[in-house]
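Here are some exercises to work through with the model open beside you. Try each task before reading its solution.

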Amino acid sequence: MKQPWAWVSWLIATIVILSITRNPLYLLLILMCVIFVGMSLRQSGAETVSPYSLWKLAAWILLLSTAFNALTSHYGQTVLFTIPGKLPLLSGPVTMEAMVYGFTNGLVLTGILASFMVLNLALTVRELISLIPQAFFPLAVVTSIAVTYLPTTLRQFRQIREAQGIRGHQMRTLRDWLPLWMPLLVGGLEHAMQLAEAMTARGFASTRPGEQRGGITPRIFLIIGLVLLAIGWIAQLGGAGVYGLAIIVSGALLIFGGLWFLGRESPRTSYHSPGWGWQDWLNMLVSLVVMAICILPMLEPINQTLFYDPYPTLSLPPFSPLLGMAMLGLLLPGVFAHFKSTHEKLDLKARRRASHGRTEV
């Protein structure tokens, strides 16, 4: 898949499902789907610079989440042991139900982290920044610098460490780190200056003077939209019903219109815009269908198994085979990436055989 919005739809569907369920069976299923997609992307050649392994982060998240909830939430009937004394938050019974609930929260956090790591594997920095609306070009500048800072710093740190190691430098005390930090600081400042000069030369963040459109500027649209949102929210609290909802929708439309006009004042060109292929449309459709099955109220006989609470007595979580099969739709990007990598490997082998045959002749 080449369309960034197709990946965003997959990410939104995954995060929404992870946020609305606490059923450990579904959480494990979604986590396996996300891991499969990430492994398929790595096989297809996608790589990213990460200071920590996902498995180590997942282990720490699960351990800390389970321990924190077990030590601070003293509910449940399956008591494992009791912490004596009058320690704030800690004293009291430690139950199996609290540990299970903390473990499920850790699974949710791990799934969200893994989903964003998969998105980072699938899309480049340029493709991620292209998703930001044109009206938020200052945010695009900050995002581009923030996203590229950590990989660039880690790469530069490794290069400096290898260079110092070749010269026989050994790190034994804190003073031995000084020959690494000083070149890293100077290199970081140099990279910042080069980035600023490159953006200035390309005219990034340059704007045209605001044009009057029908006597109303885009900023007035934004102000009126925000005021209508506040009025509609207050009306909803007062029981206005449909009228309050209509005011909120009107305010939202004015805000989107103002942002669109502001985006036109900050034009952005692109050498090549990714098109929509059948894989992108299919992935977006499947992601929306999976998300709809999990959140639509009329499908409660299927999605009611999403809700699981281990309190007050621990029991086996429910599982719906139909809902589980629907969640397997999140595997679709990984399936596309796996077939793509397999096809490229077979094509490479065929070219090598053909080249080897011509060499023998």
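Let us start with a backbone detail, keeping in mind that this is a predicted model.

**Exercise 1. Locate P312 and describe the peptide bond that joins Y311 and P312.**

Solution. Step one is the location: P312 sits in the loop between α11 (300–303) and α12. Step two is the omega angle, which is about -10° for the bond between Y311 and P312. That peptide bond is therefore cis. For background, most peptide bonds are trans.

**Exercise 2. Examine L89: what is the sign of its phi, and is the residue buried or exposed?**

Solution. Begin with the backbone: L89 has a positive phi of about 70°, although it is not a glycine. As a reminder, most residues other than glycine have a negative phi. Next, place the residue: L89 belongs to the loop between β1 and β2. Finally, check the accessibility: the relative accessible area of L89 is 62%, and exposed means over 50%, so L89 counts as exposed.

**Exercise 3. Find the nonpolar surface patch that includes L89, and classify its member L90.**

Solution. First, list the members: L71, L87, L89 and L90 make up the patch. Together they have about 350 Å² of accessible area. Then turn to L90, which is found in the loop between β1 (79–83) and β2 (92–95). The relative accessible area of L90 is 33%, which falls between the 20% and 50% limits, so L90 is partly exposed.

**Exercise 4. Compare the span of helix α1 with its expected value, then sort its residues by burial.**

Solution. Start with the length: α1 covers residues 4–20, 17 residues in total. From its first C-alpha to its last it reaches 25 Å, close to the 24 Å expected at 1.5 Å a residue. Now look at burial: P4, A6, W7, V8, S9, W10, L11, A13, T14, I17 and L18 are the buried residues of this helix. A general point helps in reading such a list: an α-helix has 3.6 residues a turn, so residues three or four places apart point the same way. For a contrast, take S19, also in α1. S19 is partly exposed, with a relative accessible area of 41%. Its C-alpha is separated by 9.3 Å from that of L109, although the two residues are 90 apart along the chain.

**Exercise 5. Which residues have the most contacts inside the largest nonpolar core, and which helices supply at least two of its residues?**

Solution. The core has 32 residues, and W7, W10 and M327 have the most contacts inside it. The helices that each supply at least two residues are α1, α2 (24–43), α3 (54–72), α4 (96–122), α10 (278–295) and α12 (321–327). The largest share, 9 residues, comes from α2.

Next, follow W10 outward. Leaving out residues up to four places away in sequence, W10 touches V34, V37, S115, V118, N283, S287, L330 and P333. One of these partners, S115, is found in α4. S115 has a relative accessible area of 0%, which means that it is buried. With the same sequence neighbours left out, S115 touches W10, L11, T14, L18 and V34.

**Exercise 6. Summarise the whole chain: how many helices and strands does it have, and what percentage of its residues is buried?**

Solution. Count the elements: there are 13 helices and 2 strands. Then take burial: 31% of the 361 residues are buried. Last comes the surface: the chain exposes about 22900 Å², with carbon and sulfur atoms supplying 69% of it.

Conventions:
Residues numbered from 1 in each chain as written. Predicted model: local features only at pLDDT ≥ 70, side-chain atom pairs only at ≥ 80, totals over all residues. Heavy atoms only, no water. Patch = residues over 30% accessible without salt bridge, like charges linked within 9 Å, V, L, I, M, F, W, Y side chains within 5 Å. Areas by Shrake-Rupley, 256 points an atom, 1.4 Å probe, with all protein chains shown as cover. Salt bridge = Lys/Arg side-chain N within 4 Å of Asp/Glu carboxyl O. Helix = DSSP H or I, 4+ residues; strand = E, 2+ residues; numbered from the N terminus. Buried < 20%, exposed > 50% of the residue type's maximum accessible area, 1.4 Å probe, protein only. Expected span 1.5 Å × (residues − 1). Core = buried A, V, L, I, M, F, W, Y, C linked by side-chain atoms within 4.5 Å. Contact = heavy atoms within 4.5 Å.
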